[in-house]
Amino acid sequence: MIENLRYLFDQNIRKEHNVTLIAGSDEVGRGAMAGPIVVASAILKPEYNNPKIKDSKLLNEKQREELYEEIKANCIAYSICEYDSKFVDQNNPKKTSQIGMIDSIKKLEVKPDVCLIDGENIELSGYKCLQIIKGDNLSMTIGAASILAKVYRDRIMNKYDLEYPQYNFIKHKGYCTKDHQERVKQFGVLDIHRFSYKPIKFLKEKQNEL
């Protein structure tokens with residue numbers, strides 16, 4: 001059996017810091033021009049080892065959906081926070097992600113001994129937080145959080161697809177694809193778009209000129 005390096009990474013953190021409960025935090029949707037940013041934090045059972053858990057971007061939708069329920073079943077605690085497009089416009093994507101990391105950690109029903117944060121340098125009083133660059137594929141716990149956030153956000157975007165079928169949200173999930181931009185040009189800017197993003201800002205100005 002191949003060793004699960006992401007599980008071993010977390011085990012090494014436990015040994016190095018002499019702790020048991022590790023939280024992982026990750027965000028999804030930061031680069032999208034429509035829909036929310038979603039941030040998740042998770043504390044997996046220390047003995048839980050699943051090599052399938054990794055960066056959600058490296059999994060297909062079916063794999064993520066299958067892992068979503070299993071991850072929740074093997075969490076000591078987890079939380080998911082959602083921030084809509086208006087909040088992102090007011091606070092910018094990076095700040096929103098940082099707020100989400102803090103909020104989702106504080107919402108955990110069990111306090112972790114150490115918090116592993118994907119990419120961001122977070123300071124939270126009373127908590128030990130470690131910045132892990134590209135942590136969603138280094139740490140199984142961060143990978144689990146990335147899957148929770150991704151599935152949660154994708155489900156939101158799939159609902160928007162039913163509401164606005166002409167925008168094809170089920171395909172691009174609100175990201176800045178050529179198809180998405182062409183559809184915004186054709187059908188206009190929605191309230192769920194982020195007005196601070198350059199492509200939307202430009203199209204919104206053009207729309208207002210008409």
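**Helix packing and burial in a predicted model**

Author: This is a predicted model. With 210 residues, a compact globule would come out near 17 Å in radius of gyration, and the chain has 18 Å, which agrees. Along its principal axes, the C-alpha trace spans about 65 × 40 × 25 Å.

Reader: What does the secondary structure of the chain come to?

Author: Eight helices and five strands. Going along the sequence, you get the pattern α-β-β-α-β-α-α-β-β-α-α-α-α.

Reader: And how many of the contacts come from residues 24 or more positions apart?

Author: Taking contacts in the chain with a separation of 6 or more, residues 24 or more positions apart account for 66%. As for burial, 50% of the 210 residues are buried.

Reader: On to the helix pair. Why are H2 and H5 called oblique to each other?

Author: Two packed helices are described by the angle between their axes and the distance between the axes. Helix H2 (residues 61-73) and helix H5 (residues 140-163) pack at about 120 degrees, with their axes 9 Å apart. Roughly perpendicular runs from 65 to 115 degrees and roughly antiparallel starts over 145. An angle of about 120 degrees falls in neither range, so the pair counts as oblique. That is why H2 and H5 are oblique to each other.

Reader: Is the crossing of H2 and H5 left-handed or right-handed?

Author: Left-handed, as H2 passes H5.

Reader: Which residues make the contact?

Author: From H2, the contact uses Glu 61, Arg 64, Glu 65, Leu 67, Tyr 68, Glu 69, Ile 71 and Lys 72. H5 brings in Ala 144, Ile 147, Leu 148, Lys 150, Val 151, Tyr 152, Asp 154, Arg 155 and Asn 158. Sorted by class, that contact has eight nonpolar, one polar and eight charged residues.

Reader: What makes His 172 buried?

Author: The cut-off for buried is under 20% relative accessible area. His 172 has 7% relative accessibility, so it counts as buried. This histidine lies in helix H6 (residues 169-172). Leaving out residues up to four places away in sequence, His 172 touches Tyr 167, Thr 177, Asp 179 and His 180.

Reader: How far apart in space are His 172 and Asp 89?

Author: C-alpha to C-alpha, 20 Å, with their positions 83 residues apart in sequence.

Reader: What about Asn 168: buried or exposed?

Author: Its relative accessible area is 19%. Set that against the limit of under 20%, and Asn 168 is therefore buried. Asn 168 sits in the loop between H5 and H6. Phi of Asn 168 is near 60 degrees, a positive value in a residue other than glycine.

Reader: Where does Lys 173 lie, and what is its phi near?

Author: Lys 173 is in the loop between H6 and helix H7 (178-187). Its phi is near 55 degrees, again positive in a residue other than glycine.

Reader: How do you know that Lys 173 is buried?

Author: Because the relative accessible area of Lys 173 is 8%, and buried means under 20%.

Reader: Then why is Leu 5 called exposed?

Author: Exposed means over 50% relative accessible area. Leu 5 has 64%, so it is exposed. Leu 5 belongs to helix H1 (residues 5-17). Between the C-alpha atoms of Leu 5 and Ile 76, which are 71 residues apart along the chain, there are 21 Å.

Methods. Residues are numbered from 1 along each chain as its sequence is written. This is a predicted model: local features need pLDDT of at least 70, side-chain atom pairs count only at pLDDT 80 or more; totals for chains, interfaces and linings use all residues. Side-chain values use heavy atoms; hydrogens and water are left out. Axes are lines fitted to C-alpha atoms, for helices over the stretch in contact, and angles run from 0 to 180 degrees between N-to-C directions. Helices (H or I, at least four residues) and strands (E, at least two) are DSSP runs, numbered from the N terminus. Angles under 35 degrees count as roughly parallel, over 145 as roughly antiparallel, 65 to 115 as roughly perpendicular and the rest as oblique. A crossing is left-handed if the near helix is turned anticlockwise from the far one by less than a right angle, and right-handed if clockwise. Contact means heavy atoms within 4.5 Å. Ala, Val, Leu, Ile, Met, Phe, Trp, Tyr, Cys and Pro count as nonpolar, Asp, Glu, Lys and Arg as charged, and the others, Gly among them, as polar. The radius of gyration is taken over C-alpha atoms; the globule rule is 2.2 Å times the number of residues to the power 0.38. Buried means under 20% relative accessible area, exposed over 50%, partly exposed in between (1.4 Å probe, protein chains only).
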